[in-house]
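Work through the exercises below with the sequence and the model open. Each task is followed by a solution in steps.

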Amino acid sequence: MKRLQPHHHVTRRQLLAWSSACAGLTVTASAQERRRTSRRPRVSRESVSPPVERTLIPRVNGGINIQPIRVVDPAEGSEPIIRPELIDLQLRAIYEAGFESIRLTLSWDGLRFDLLAAIPYVRAARALGIDVLGIIGQLGFGHDLSRLLSDDETREPVLQLFVDTFAGDVLPVPGNERRGDIAFQIFNEPTNFLGLSAGEYVRFLLRPISETLGRLSPDTQLICAAPVGLEVGLRRAAELLEYGAENYCDRMAFHVYDEDSVESLAELTQAPVWITETGIAETASHLRWVTEFVPSLESRLDVERLFFFQPSAFSPGGHRLIALEEADGGFASRIESEALWSHYRDRAVGGLTNSEIIPYDELIPDITQYFPADEEVDRLLDFEI
């Protein structure tokens with residue numbers, strides 16, 4: 001795996017400075033008359049254009065799921081790697097569409113490469129003021145992470161690794177006063193991916209992780225895993241609540257892909273919830289889902305956060321907003337869900353007046369500055385407990 005040297009200095013363009021000065025002279029009435037007749041008339045204050053304010057695109061469009069995309073680069077051999085331009089294309093779309101948060105897997109596998117791949121996504125997003133929900137989970141084979149987190153001796157060092165890697169300070173972008181927050185979600189659909197019942201998940205993972213994370217990083221929100229977004233998920237959600245999941249997390253989470261399930265979900269809890277996945281796999285239906293179904297969902301549940309699924313899935317005509325395609329030896333993005341994209345853009349920038357939007361390339365001229373340093377790579381790859 002090629003290690004990229006971090007950049008410790010970022011070229012920052014100064015914000016435009018606007019100033020005005022005026023000087024007054026005491027003159028006689030006749031001098032004033034001569035000035036009125038011999039010089040051009042003054043321009044009224046009302047006709048002077050106000051200064052243009054440079055601003056980031058507002059974060060107004062909720063959340064979206066995203067996953068690090070890895071490709072096989074012949075120049076690097078057969079090992080799948082993260083290409084910096086792929087990160088840029090995805091984060092640019094999220095910034096330009098005005099999303100306020102992203103959700104992605106902070107995946108643990110035997111070689112830690114997936115965990116390394118998530119680092120620039122998390123740090124660059126937070127630098128842009130975008131909140132991050134990181135799924136502490138595992139995409140590879142085996143259940144190494146669940147075993148480590150359920151063991152009293154190994155749980156704390158593993159959670160400390162996640163806190164140190166993802167919850168620390170980030171290099172800011174110019175013009176941004178707010179860094180994005182990070183929250184952790186403990187696995188994704190644990191019955192599907194881990195074969196755990198609701199009771200086992202609460203007893204062996206959620207409850208002890210809640211106690212440990214509360215000591216290590218008390219300001220970091222902990223989100224319960226969401227069951228699968230199908231009818232069977234309703235039963236599993238009810239079981240999680242029966243086993244007291246609400247007592248060991250800051251928010252319960254649900255996945256909603258079925259319009260008919262909303263009423264049943266609303267009967268389960270009146271507490272604020274996060275919808276960590278929702279969407280419909282038909283491009284022509286994306287806009288209706290967001291503008292009609294989501295408001296109906298929010299009117300029945302106390303939805304605090306909602307994450308659309310997802311910006312750049314590989315299947316055409318499915319959930320994705322944009323398509324990432326190879327072009328001229330590199331990659332390019334193409335808007336696929338044009339109606340929904342236009343909706344997000346109108347909400348984000350339609351109300352801006354006398355404002356010049358700071359472009360993504362100026363905010364993040366070099367994405368590799370958010371890559372882990374060599375010593376951090378070594379620490380993660382050599383991590384043993």
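**Exercise 1.** Locate Gln310 in the secondary structure and describe the peptide bond that joins Phe309 to Gln310.

Solution. Step one: Gln310 is placed in the loop between strand E11 (303–308) and strand E12 (322–327). Helices (H or I, at least four residues) and strands (E, at least two) are DSSP runs, numbered from the N terminus. Step two: the bond between Phe309 and Gln310 is cis, with omega about -10°. The model is predicted, so local features need pLDDT of at least 70 and side-chain atom pairs count only at pLDDT 80 or more, while totals for chains, interfaces and linings use all residues. Residues are numbered from 1 along each chain as its sequence is written, and side-chain values use heavy atoms, with hydrogens and water left out.

**Exercise 2.** Give the secondary structure count, the buried share and the share of long-range contacts for the protein.

Solution. Step one: the protein has 13 helices and 14 strands. Step two: of its 385 residues, 49% are buried. Buried means under 20% relative accessible area, exposed over 50%, and partly exposed in between (1.4 Å probe, protein chains only). Step three: take the contacts between residues at least 6 apart in sequence; 75% of them join residues at least 24 apart. Contact here means heavy atoms within 4.5 Å.

**Exercise 3.** Two non-glycine residues, Phe187 and Asn354, have positive phi. State the angle, location and burial of each.

Solution. Step one: for Phe187, phi is near 70°. Phe187 sits in the loop between strand E7 (182–186) and helix H6 (190–194). Its relative accessible area is 4%, so Phe187 is buried. Step two: for Asn354, phi is about 50°. Asn354 belongs to the loop between H11 and strand E14 (355–357). With a relative accessible area of 44%, Asn354 is partly exposed.

**Exercise 4.** Check the length of helix H5 (residues 155–166) against its expected span, then describe burial along H5.

Solution. Step one: the expected span of a helix is 1.5 Å times one less than its number of residues. Step two: for the twelve residues of H5 this gives 16 Å, and the end C-alpha atoms are 17 Å apart, which agrees. Step three: the buried residues of H5 include Arg155, Val158, Leu159 and Leu161, as well as Phe162, Val163, Thr165 and Phe166. Step four: Asp164 is also in H5, but has a relative accessible area of 43% and is therefore partly exposed. The C-alpha atoms of Asp164 and Ser217 are 9.7 Å apart, with 53 residues of separation in sequence.

**Exercise 5.** Describe how H2 packs with H3, and how H7 packs with H8.

Solution. Two packed helices are described by the angle between their axes and the distance between the axes. Axes are lines fitted to C-alpha atoms, for helices over the stretch in contact, and angles run from 0 to 180 degrees between N-to-C directions.

Step one: the axes of H2 (residues 84–96) and H3 (residues 113–127) come within 11 Å and cross at roughly 40°. H2 and H3 are therefore oblique to each other. Angles under 35 degrees count as roughly parallel, over 145 as roughly antiparallel, 65 to 115 as roughly perpendicular and the rest as oblique. From H2, the contact involves Leu86, Ile87, Gln90 and Leu91; from H3, Pro120, Tyr121, Ala124 and Ala125. By class this contact has seven nonpolar, one polar and no charged residues. Ala, Val, Leu, Ile, Met, Phe, Trp, Tyr, Cys and Pro count as nonpolar, Asp, Glu, Lys and Arg as charged, and the others, Gly among them, as polar.

Step two: the axes of H7 (residues 198–216) and H8 (residues 231–242) come within 8 Å and cross at roughly 40°. H7 is therefore oblique to H8. Ala198, Tyr201 and Val202 of H7 meet Arg236, Glu239 and Leu240 of H8 in the contact. Its classes are four nonpolar, no polar and two charged residues.

**Exercise 6.** Which residues are in contact with Val290, leaving aside its neighbours within four places in sequence?

Solution. Step one: Val290 is in helix H10 (residues 286–300) and is buried, at a relative accessible area of 14%. Step two: outside that sequence window, Val290 is in contact with Pro295, Phe308, Leu340, His343 and Tyr344. Step three: the C-alpha atoms of Val290 and His343 are 9.3 Å apart, although 53 residues separate them along the chain.
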